[in-house]
Amino acid sequence: MKKLNIQTERLNIRHIALADLSDFHLYRSNPEITKYQGFDVMTIEQAQEFIEDNSTKHFGKAGEWVQYGIENSETSQLIGDCAIKLDSYDTRIAEIGITISHLEQKKGYAKEVMLGVLSFLFDDKEIHRVVEIVDADNIASVNLLKSLRFRQEGHFVENIYFKGKWGSEFQYAMLRREWEEAKIGQDRSAERTPR
């Protein structure tokens, strides 16, 4: 199975390796980073076990989350990770999750990762639909999805018991044809921009 590798302007999205353990654990052990995530803070041993378990997974298996490292191309340092899961019942539907280190936030990396992964899924793999489920309190993620023209499809009120309390979630989605339309719209606005 060919390993996934996505290059963006500043980033390299690739498999996580044990060499990333220190950087990976640095942010995965921060309670602020795990606040809205489906995982809790990790010990160094848990982080190592996670990386070793994830190393056996590859893109394309239905229903399985696969985690990829987000590497700064210039420094070769791991600055976060993202996950892709193909739907258990229909592999033309995908879900994405992103975690950016607390040391690297507010630099546009999450948007750059999303655009790179969306291009991979829609353009290369011809995925039909990408779904995003986010905590309703996670304003940064909600704003990111809106900026990328994801549609809000649902608001689930106190639908999940999460880290000791009931939480609410939004569901967003984008279809491949909407991705294509958004790209065409960007191309047209670029043509109208005076040089």
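## The largest pocket

A pocket here is an open set of points on a 1 Å grid over the protein atoms alone, with protein on both sides within 12 Å along at least five of seven lines, where a 1.4 Å probe fits. Grid points are joined across faces, edges and corners, and a volume is the space filled by probe spheres set on the points. By that recipe, the largest pocket holds about 1400 Å³ of space. This is a predicted model, so keep the filters in mind: local features need pLDDT of at least 70, side-chain atom pairs count only at pLDDT 80 or more, and totals for chains, interfaces and linings use all residues. Residues are numbered from 1 along each chain as its sequence is written, and side-chain values use heavy atoms, with hydrogens and water left out.

Which residues lie nearest the centre of the largest pocket? They are Gln37, Ile98, Thr99, Asn138 and Ser141, out of a lining of 45 residues (each with an atom within 4 Å of a point). Strand β5, residues 93–100, gives the most to that lining, with 6 residues. By type, the lining splits into 20 nonpolar, 11 polar and 14 charged residues; Ala, Val, Leu, Ile, Met, Phe, Trp, Tyr, Cys and Pro count as nonpolar, Asp, Glu, Lys and Arg as charged, and the others, Gly among them, as polar.

## Overall fold

The chain has 6 helices and 8 strands, taken as DSSP runs numbered from the N terminus (H or I, at least four residues, for helices; E, at least two, for strands). Along the sequence the pattern reads β-β-α-α-α-β-β-β-α-β-α-β-β-α. The radius of gyration is 17 Å, close to the 16 Å that the globule rule gives for 195 residues, so the chain is as compact as a globular protein of that length. That radius is taken over C-alpha atoms, and the rule is 2.2 Å times the number of residues to the power 0.38. The C-alpha trace spans about 55 × 40 × 35 Å along its principal axes.

Of the 195 residues, 45% count as buried (under 20% relative accessible area; exposed is over 50%, partly exposed in between, with a 1.4 Å probe and protein chains only). Take contacts (heavy atoms within 4.5 Å) between residues at least 6 apart in sequence: 58% of them join residues at least 24 apart.

## Helix α1 and Leu4

Helix α1 covers residues 21–28, and its buried residues are Leu21, Phe24, His25, Tyr27 and Arg28. These pack against two helices, α2 (31–34) and α3 (44–54), and against strands β3 (66–72), β4 (78–86) and β5.

Leu4 sits in the segment before β1 (5–7). Is Leu4 buried or exposed? Leu4 is buried, with a relative accessible area of 7%. Setting aside neighbours within four places in sequence, Leu4 touches Ile13, Arg14, His15, Phe59, Tyr68, Ile84 and Phe120.

## Loops worth a look

Gly38 belongs to the loop between α2 and α3 and is exposed, at 79% relative accessible area. From Gly38 to Ser119 is 25 Å, C-alpha to C-alpha, with their positions 81 residues apart in sequence.

Most residues other than glycine have a negative phi. Glu126, in the loop between α4 (109–124) and β6 (129–135), has a positive phi of about 50°. Arg149, in the loop between α5 (139–147) and β7 (151–162), also has a positive phi, near 70°.
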